Amino acid sequence: MSTPSFAPSCGEVRARFPALSGEWALLENAGGSQVPAGVSDAIREYMRTTYVQLGAGYEISRRADAVVAAAHDLANLVMGGADTGVAIIGPSSSQLVAMLAQGLAPRFEPGDNIVIAEAGHEANMGPWARLAKQGVEIRWWPPTADGGTGSLEALDGLLDERTRVVAAVHVSNLLGEVVDVAEVARHAHAVGARVVVDGVAYAPHRAIDVAAWGIDWYVFSTYKVYGPHMAVLWGTHDAIAEVERPSHFFVPDDDIPYAFELGGVSHEGCAAWNAVGDHLRFLAGRTDSSPVDRETVVAGFDTMAALEAPLVARLLTGLSEIPGVTLVGAAEVAARVPTVSFTVCGHTSEAVAAAAHAERIAIRHGHMYAHRLCTRLGLPIDDGVVRVSAVHYNTVAEIDRLLEVVTQIASEPSPHRSRGLHA
Ligand SMILES: Cc1ncc(COP(=O)(O)O)c(C=O)c1O
């Protein structure tokens, strides 16, 4: 990350997001982010003017083609892989990874193994774990003893010449730590394995650079990156060549990405995603309307990272100063995003979240589909953790409101203790 040359005020950023004008502090962004006005306007505009079928040759249809093509171009730019691979658009990261695992399944033989990061989200675990049914050995890459996402030493202990895939997570949606995926890829490639990175919890915060990191497959969800409910799976040309296409028999194998976009993509979603490019252009301080380029993408995310820095600092310091609060995950990490999970001694995560909701603060509790991680960390699976997740449009004042609520509930006697229960 470099220092951004453009520094919009928090107010300028927030004014772009209609949903932020109310009194709610929206701190559940790891679940899904809000959208700039241009994104929702783009859906409306597209459906009013361009909502025809693709590829029909008439003028409106050609405009629709261009919108969908532009969405793929933007996805490639955001991935940082426009020259080395292809972006496939789909309804969700979960569906795209499931499609990938199914498409690779015929290549795996009994005795092959797949390494799965246990700190991940089930989206990049279950589809691989299910391949055990065909004799593939599943090797779990555990979080570190101090709650880190996973060590390279432990990874090395799991890899061998029969490892076909390493299913890694760039940022756990509970732990917030940024994993060095370039290193993960390097270690995986040393034994000839492909690396599939779940970047869903990373993509809303920092610029992805699949080419620089040497990633084979990378996935993120656009609805967490200020856009519509879709997702993007990017693969290198070589990696894509290995996958069985799920499409109709008459769709040529080299019709990429269409051969992986069964039934097509959401056209209005593509229009909306293109408007996310405008937000990146704003964050990059560009006032012209020329197409978004890679430099704009990187500058836009640098601005986001700068806006987030005080939020993550306040969250971590504030929470760790409250007696009874235990942060989940490693305290000291090289880099992290403002996604922080914790528990409060004597109080359920559900009760903490409810106390925040009463003060119009949107946060969440539970296992957040990081079910296996919660189990490994010994957390009660039905209650999980409290998770606060900020993005560039949140404010320190919102974090302070949350800290006030947590301070208050942590100071109250435990309802469990009064019933003679230990919690
Ligand atoms: C880290 C992570 N990976 C994957 C997913 C699944 O994404 P999708 O909802 O697009 O399937 C999520 C969703 O919360 C997530 O947080």
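## Two domains and their interface

In this predicted model, the C-alpha centres of domain 1 and domain 2 lie 26 Å apart. The domain assignment builds domain 1 from two stretches, 10–35 and 297–408, and gives 41–276 to domain 2. Where the two meet, 32 residues of domain 1 are in contact with 32 residues of domain 2.

Which elements supply the domain 1 side of this interface with two or more residues? They are helix α11, strand β10 (339–344), helix α13 (371–376) and strand β13 (385–389). Of these, α11 gives the largest share, with 6 residues. Sorted by class, the side of domain 1 that touches domain 2 holds 20 nonpolar, 7 polar and 5 charged residues.

## Helix α11 and its partner α14

Helix α11 is worth a visit of its own. Spanning residues 294–320, α11 has an axis that comes within 9 Å of the axis of α14 (residues 396–411), and the two cross at roughly 15°. With that angle, α11 is roughly parallel to α14. The crossing of the pair is right-handed.

If you would like to look at the contact in the structure, start on the α11 side with P310, L311, R314, L315, G318 and L319. Facing them from α14 are V396, I399, L403 and V406. By class, this contact has 8 nonpolar residues, along with 1 polar and 1 charged.

## Helix α10 between two neighbours

Helix α10 (residues 267–283) also meets α11: their axes come within 7 Å and cross at roughly 70°. The two helices are therefore roughly perpendicular to each other. Here α10 passes α11 in a left-handed crossing, whereas the crossing of α11 with α14 is right-handed. From α10, the residues taking part are L280, R281 and L283. They meet T296, V297, G300, T303 and M304 of α11. This contact divides into 4 nonpolar, 3 polar and 1 charged residues.

Another neighbour of α10 is helix α2 (residues 37–49), with axes that come within 8 Å and cross at roughly 145°. That crossing is right-handed. On the α2 side you will find G38, V39, A42, I43, Y46 and M47. The α10 side is made by H267, E268, A271, A272, N274, A275, V276, D278 and H279. Together the residues of this contact come to 9 nonpolar, 4 polar and 2 charged.

## Around the ligand

Which residues surround the ligand? Three serines that follow one another in the numbering, S92, S93 and S94, are in the shell, as is S221. The alanines there are A30, A123, A201 and A231, and V200 is also present. H121, N173 and D198 complete the set.

In terms of class, this shell has 5 nonpolar, 6 polar and 1 charged residues. A30 belongs to the shell and falls inside the 10–35 stretch of domain 1.

## Two backbone details in loops

Two spots in the backbone deserve a closer look. The peptide bond from I256 to P257 is cis, with omega near 10°. P257 sits in the loop between α9 (237–241) and α10.

The other spot is M368, a residue other than glycine with a positive phi, near 55°. M368 lies in the loop between β12 (364–366) and α13, and α13 is one of the elements that give two or more residues to the side of domain 1 that touches domain 2.

Technical notes. Residues are numbered from 1 along each chain as its sequence is written. This is a predicted model: local features need pLDDT of at least 70, side-chain atom pairs count only at pLDDT 80 or more; totals for chains, interfaces and linings use all residues. A residue is near a molecule or strand if its C-beta atom, placed from the backbone, lies within 6 Å of it. Ala, Val, Leu, Ile, Met, Phe, Trp, Tyr, Cys and Pro count as nonpolar, Asp, Glu, Lys and Arg as charged, and the others, Gly among them, as polar. Axes are lines fitted to C-alpha atoms, for helices over the stretch in contact, and angles run from 0 to 180 degrees between N-to-C directions. Helices (H or I, at least four residues) and strands (E, at least two) are DSSP runs, numbered from the N terminus. Angles under 35 degrees count as roughly parallel, over 145 as roughly antiparallel, 65 to 115 as roughly perpendicular and the rest as oblique. A crossing is left-handed if the near helix is turned anticlockwise from the far one by less than a right angle, and right-handed if clockwise. Two residues are in contact if their C-beta atoms, placed from the backbone, lie within 7 Å. Domain bounds come from an automatic or database domain assignment.
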